[in-house]
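Reader: I should like to learn how the features of a protein model are read. May we go through them in order?

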Amino acid sequence: MAKAKHKSPSRHLNHMAGAICYRLLTEIPDALFMIELSVPMISRVIGTGISYSESYSNHELAEYLRIPDPSVKKTAQVRQNLVKLCELFEVNTKFAVLLEFILLMNINPHAKFLLDNLELPDEAHDFMQFFEEISDLARHEITEAVETLMNRGIFATDNSLTLLQWIEISQPIQHLLTKEVVTSCEQVLSRFLVESPAAQFDIDNFEYVNTDLLLRYLKNAAQAKHVGVNILLYGYAGTGKTELARALAAHIDRKLYEVGSQVVKDGKLHNPHNTKYVSSQRLQYLTTVQTLLRGSSENILLVDECESIFYNADKAYSKDMLHQTLEQNTVPAIWITNYIGCLEDSYIRRFKLVLEVTSPDETKLRELTTNAVTGLNISDDTIDKIAAIKHITPAVIGNAAYVSRTIGDKRRKAESTVLEVIEHTLDACGLWQQPMDYQQEMPFDVSLLNIKQPKQVINDIAYALKAKQPVRVLLCGPPGTGKTAYAHHMTQEQGLKMKRVKCSDILSKYVGDSEQNVRNLFLEAHQNKQVLLLDEVDSLLVNRERLKAHHEVQLVNEILTQMECFTQPLFAATNFETLLDKAVLRRFDFKLECDYLHTEQVLMLFRRILSASKLSADEQQQLSTLKYLTPGDFAIIARRMKFQPKQDHRQSALNMLLDENKRKQPNPSIGFVH
């Protein structure tokens, strides 16, 4: 007779699969009459050949399932592991026999195929009744145990709570139960966690974040073994959120474990849970870990790039399950996301502490840049330029320095490479901005600022800025008198940062957006401790008596409200004071009315711009008649001289000033009486 050979690397597992199939076929009433067994089917289940014969009955074939145990010790170890796993996950140890059945159905697909061909006719012939009898557990106890292991990540799918042969066990757990001796939680944990790399930075490197609050909360909550300790760190990529988590754990002497998902092994992507969504797998890992580490105050979990877990809620699992995870976890967890918008408010409210991790300020960025470019011989000016780039992060700086160092650049080549890499990286992220900053053609000279108020007011404003008081200053007067230049000068003199706000930064064609832009601008300036300059403020704070549209009135109301609440210095400049809303003036501490240049100032500026040591009598006479000139008029001359530096601009400059002065003169009254 021919024999069918089926070799198996784990014959003792085939023995166990055959034994459980035999028991099911013989103990469920009439089961052997409800299936058509064959030699190949039985041979594949037990992993060994059977002599072919057409005269075998189902009873005779079923007897072949009772092959001798080739490794009694290994069988005993697997069963001991199953009991230990139940203990670790607080499941009744009687369930171990059913866990064995589920494990064998996962490992031996032929045994599963055999049972799939068994069609029971009615409820009297019930799989669950068989499971109750062999485990000595009630039906509801079996269901509860299955649900518990499902929630803990041991079971990968929930196709059925009654057809146990269809429940899947994750590959890491299968390997653990069949190849090793299960002794501790740590052993199971190694299948789900990766210990986070050592922190590269000390907690003091994150002074731009409220680390004191984070440390005190984490330390005290962990020691008190509070439940539901979850911290959410958010912000755009590269701001150091993951490194901050590592530094926090190191500072309070806790082990930080990263909750994994898929892994790459031998060049292949593995999904141990066979889940459709990786986020589902990570959530299962997280619940498994929380169970195994319960009661431990020595560990913290890190869930990096967590947005997918929340985004896929209701696709792979319920929102209630996520809520429960955030409310009942026994091990403190730090969650990190670059996309806070993916999290609904119901999730965010369940985090005990939510902090935005922004990029460091320029002072700190300069320090980090200096350290990152060590050895590249980059100039201080370039380091300052890098630190001032909007949206720049430590990670982007580090990558740019790495590229330059790998190439072997030095000095100017290194500067060019670093700046280019930074620009390309931020541009790809949609964050590159080439700012159009305020440019002065001439250095600001405070002696050319003619205000109608006493000069002591200038000293009062300077004192308020130095003391970082939320002083509000309104600058009004003709164009070019130095209003904007004065605001920039005073801010720079006190070492403060200024944000210039233009109409285009606020106004939107969509109703409500303009008010939101105002709120965001004031909030950003408050958080970054920036001085605000509302340029051409008359276009924003128009007298409400002249407005007809409701949304226009709302915009003025919003700006006035934000001004009252603003915590930083604020400047506003206008050429048309009479157009301002009546409520504006009382909201400013100081009002500076800037006037035209005096004759002595006009003569001095003309000599300075044209580098003329002496003026002719005719030039002095003509310039002395000009009463409506401003520093801005002379700035125009300075610009024109750049276009044709070799040309003599003396006469053309005088002519231009004469024209400007004539243009600005008040219109004569209509009539014959002057």
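Author: Helices (H or I, at least four residues) and strands (E, at least two) are DSSP runs, numbered from the N terminus. In this predicted model, R216 has its place in helix α11. Residues are numbered from 1 along each chain as its sequence is written. Because the model is predicted, local features need pLDDT of at least 70, side-chain atom pairs count only at pLDDT 80 or more, and totals for chains, interfaces and linings use all residues; side-chain values use heavy atoms, with hydrogens and water left out.

Reader: How many helices and strands does the chain have?

Author: The chain has 30 helices and 14 strands.

Reader: How is the burial of a residue expressed, and what percentage of the chain counts as buried?

Author: Buried means under 20% relative accessible area, exposed over 50%, and partly exposed in between (1.4 Å probe, protein chains only). Of the 674 residues of the chain, 47% count as buried. R216 has a relative accessible area of 49% and is therefore partly exposed.

Reader: Which residue is separated from R216 by 9.3 Å, C-alpha to C-alpha?

Author: That residue is I252, which lies 36 residues from R216 along the chain.

Reader: What is a contact, and how do contacts spread along the sequence?

Author: Contact means heavy atoms within 4.5 Å. Among the contacts in the chain with a separation of 6 or more, 76% are accounted for by residues 24 or more positions apart. L13 offers a case to follow: this residue lies in helix α1 (residues 11-27) and counts as buried because its relative accessibility is 6%.

Reader: Which residues does L13 touch?

Author: Leaving aside residues up to four places away in sequence, L13 touches V78, L104, I107 and T178. In addition, the C-alpha atoms of L13 and T75 are 7.4 Å apart in space, while the two residues are 62 apart in sequence.

Reader: How does one describe two helices that pack together?

Author: Two packed helices are described by the angle between their axes and the distance between the axes. Axes are lines fitted to C-alpha atoms, for helices over the stretch in contact, and angles run from 0 to 180 degrees between N-to-C directions. Helix α11 (residues 211-223) and helix α12 (residues 241-251) have axes that come within 10 Å and cross at roughly 50 degrees. Angles under 35 degrees count as roughly parallel, over 145 as roughly antiparallel, 65 to 115 as roughly perpendicular and the rest as oblique. Therefore α11 and α12 are oblique to each other.

Reader: Is the crossing of α11 and α12 left-handed or right-handed?

Author: A crossing is left-handed if the near helix is turned anticlockwise from the far one by less than a right angle, and right-handed if clockwise. The crossing of α11 and α12 is right-handed. Its contact is made by T211, L214, L215 and L218 of α11 together with L244, L248 and H251 of α12.

Reader: How are the residues of such a contact classed?

Author: Ala, Val, Leu, Ile, Met, Phe, Trp, Tyr, Cys and Pro count as nonpolar, Asp, Glu, Lys and Arg as charged, and the others, Gly among them, as polar. In the contact of α11 with α12, five residues are nonpolar, two are polar and none is charged.

Reader: At what angle do helices α19 and α20 cross?

Author: The axes of α19 (residues 394-407) and α20 (residues 411-428) cross at roughly 135 degrees and come within 9 Å. These helices are therefore oblique to each other, and α19 passes α20 in a right-handed crossing. Among the residues making the contact are V396 and I407 of α19 and A414 and L426 of α20. By class, this contact of α19 with α20 has ten nonpolar, three polar and no charged residues.

Reader: How are aromatic pairs recognised, and how many does the structure hold?

Author: Rings of Phe, Tyr and Trp (its six-membered ring) pair if their centres lie within 6.5 Å; planes under 30 degrees apart count as stacked, over 60 as edge-to-face and the rest as tilted. The structure holds seven aromatic pairs. One of them, Y56 with Y64, is edge-to-face, with 5.6 Å centre to centre and 70 degrees between the planes. Y56 counts as partly exposed because its relative accessibility is 23%, and Y64 is partly exposed at 31%.

Reader: Is the pair of F130 and F131 tilted or stacked?

Author: The pair of F130 and F131 is tilted, at 5.8 Å centre to centre and 55 degrees between the planes. F130 is buried, with a relative accessible area of 2%, and F131 is buried at 0%. F101, F130 and F131 form one aromatic cluster.
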